[in-house]
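Hi,

Here is the structure I promised to pass on. Have a look at it first, and then read my notes underneath.

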Amino acid sequence: MSELPKLTKAKIEAILAARFDGGFKTLAELPNPFDLHDMDRAAERIARAIREGEKIAVVGDYDVDGVVSSAMMEEFFEIVGYPAQVVIPNRFNDGYGVSPQILERLDADVVVTVDNGITAVEAAEVCKRRGIDLVITDHHTPSDTLPDAYAIVNPKKAACSFAYPEICGAQVAWFLIGALKKEMGLDLKMARFLDLMALAIVADVMPLTTINRPLVQKGLQMLSTSRRPAFEAVRAYLGKSRFSAEDIGYGIGPRINSAGRMEDASVALRFLRAKNLTEASEGWLKLDALNIERRRIEAETTEAAMAAARPEDPVIVVAGEGWHEGVVGIVASRLVDRFKKPAIVLATEKGRAKGSGRSIGEVDLFGLLQKSAAHLEGFGGHKMAAGLALSMANFEKFRQAICQEAAKLDPSLFVPRGTEMGVLPLSEIDWELMAILERYEPYGEANARPRFLLEGVEVVEARPIGQEKNHLKLFLRDGRHTLSAVQFGFRKEVRPGERITLSGTLQVNEYNDRKSIQMVVHKIN
């Protein structure tokens, strides 16, 4: 028998309510954009540039957050009728964020960064020399030395007392647009951007609590009806009219990310900014093809990385010649899942390594990199995810250094989050419970969809389903109570008459206009 608590509907509601200390935030409670330190300088400088006809360039990033931030800024400048240049660096040719190399291509009086720039010390020096005013908007963790920029808007900056530091780059860009609206006296509805912004908040794994919750909630509602050609294409190709945060995390986000990972993020930017359904459909099909290719390369790299891992190390650090730089972050996540430890995966070329790390539980990966920085050429990110670069000559010293630092940490920090909430009797599963679960949506980071344990339930029916018969459909019973369940990509066969223990999440299944409750099985014990 499990040591987990036995759940009732009332207990489940109490556990979920405790995640939202002080209750749910509403859109009416959003803070003033000018609460962000330096926002007044940033908005005043950009507004002055527009007024005086100066050249403005926006530099974004190649992940979902950066692409969405870039799309929002491009849309803003289109609304005000101002010809700003929007550039997203190419992961393979340019590297990350605003850099001296990117600045060589820009002819601008003002450069605005979105979702990057907090570590761009060298780029800021170049801007100073060239007489360019650099306005940085970012959300990544600052290091001890800040760039010498005209303005730095970042909720994690020591000088910033913004009430909600856990926001993504697109949210900082959105607040910048809000500040510009006020500075320029514009008649602009800020809600028009929320369908886009929901993608970034979820894909960048921001906590779905405090102000992030109502923003994503409203954004998900808008996705269902948005007249953006991009989202009309999404609805058509995914065959959905109602979206959850998981649909972004597992369906839309990976496709948008695949452009920057495999080719160039401009493919994703043009998709989000498509002017008609034909253009959007072509963009979606291109992103889908890139995502299929990404999955194939990811599987090959994961296999090689698993073989190269040292399972006894407190941090898994692996490097491979010829590994695709665009998939190393995802492969790091796979290693975290496999070894239950932070993982860093590096792609090497000509004696230089670039890659990504992912963390687990409460281990601060950014802090570990700070303590091992003597062996790195550069790094950036936050507690749960980071990017880094180093010479392969320093690889072994770095691996030893970060492992030594991680070995000093309390082992409890390495315990993964997202375990079962408790043991749920079948008798508690009904439409009243589903209404409780729906009240606390959207689920995601810091508000995980509840996972329940069903103990000793009888298998009435078990049959493989799907084109390749690799999914399992179950019909379960406990006394007079029944439940249908499905496991995707099942490994363990079960037979009618068996009593099994399984864990999973509950969802409403809609088929032929009929609704039923079903469990999506994560594991059969």
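Below is what I found, going from the strands to a few backbone oddities and one serine. Keep in mind that this is a predicted model.

**Around β7**

Let's start with strand β7, residues 343–349. Six of its seven residues are buried, so the rest of the structure largely encloses this strand. On one hand there is β6 (residues 316–321), which pairs with β7 in the parallel sense over six bridges. To get from β6 to β7 the chain goes through helix α13 (residues 328–339), and the resulting β-α-β crossover is right-handed. If you want a pair to click on, V318 has V345 in β7 as its bridge partner.

Then there is β8 (residues 352–358), which pairs with β7 in the antiparallel sense over seven bridges. Here T348 stands opposite A353 in β8. The two strands form a hairpin with two residues between them.

**Backbone oddities**

As a reminder, most residues other than glycine have a negative phi, and most peptide bonds are trans. Which residue in the turn of that hairpin has a positive phi? It is K350, at about 50 degrees. K350 lies in the loop between β7 and β8, and its relative accessibility is 78%; the cut-off for exposed is over 50%, so K350 counts as exposed.

T210 is not a glycine either, yet it has a positive phi of about 40 degrees. You'll find T210 in the loop between α7 (194–203) and α8 (212–225). Is T210 buried, partly exposed or exposed? At 35% relative accessibility, T210 counts as partly exposed.

There is also a cis peptide bond, which joins E441 and P442, with omega at about 0 degrees. P442 sits in the loop between α16 (431–439) and β12 (452–465).

**The five-stranded sheet**

Elsewhere, five strands form an open sheet with parallel pairing, in the order β2-β1-β3-β4-β5. β2 (85–87) and β5 (151–153) are at the edges, and each has a single partner strand, so one side of each has no neighbour in the sheet. On average, neighbouring strands here are turned by 15 degrees against each other, ignoring direction.

Within this sheet, β1 (residues 56–59) and β3 (residues 110–114) run parallel and are joined by four bridges. One position to look at is V59, which stands opposite T113 in β3. Helix α2 (residues 39–51) lies across β1, β3, β4 (133–137) and β5, and runs at about 120 degrees to β5.

**S69**

Last one: S69, in helix α3 (residues 64–79). What does the side chain of S69 reach? It reaches the backbone oxygen of D65, at 2.7 Å. The relative accessibility of S69 is 0%, so this serine counts as buried. Leaving out residues up to four places away in sequence, S69 touches V114, D115, G169, A170 and A173. V114 falls within β3 (residues 110–114), so S69 brings you back to the sheet described above.

Cheers

Note on methods:
Residues numbered from 1 in each chain as written. Predicted model: local features only at pLDDT ≥ 70, side-chain atom pairs only at ≥ 80, totals over all residues. Heavy atoms only, no water. Buried < 20%, exposed > 50% of the residue type's maximum accessible area, 1.4 Å probe, protein only. Pairing = 2+ DSSP bridges. Right-handed = clockwise from strand over helix to strand, strands pointing away. Polar contact = N/O pair within 3.5 Å; in protein donor to acceptor, adjacent residues only side chain to side chain. Contact = heavy atoms within 4.5 Å. Axes fitted to C-alpha atoms, helices over the stretch in contact; angles between N-to-C directions.
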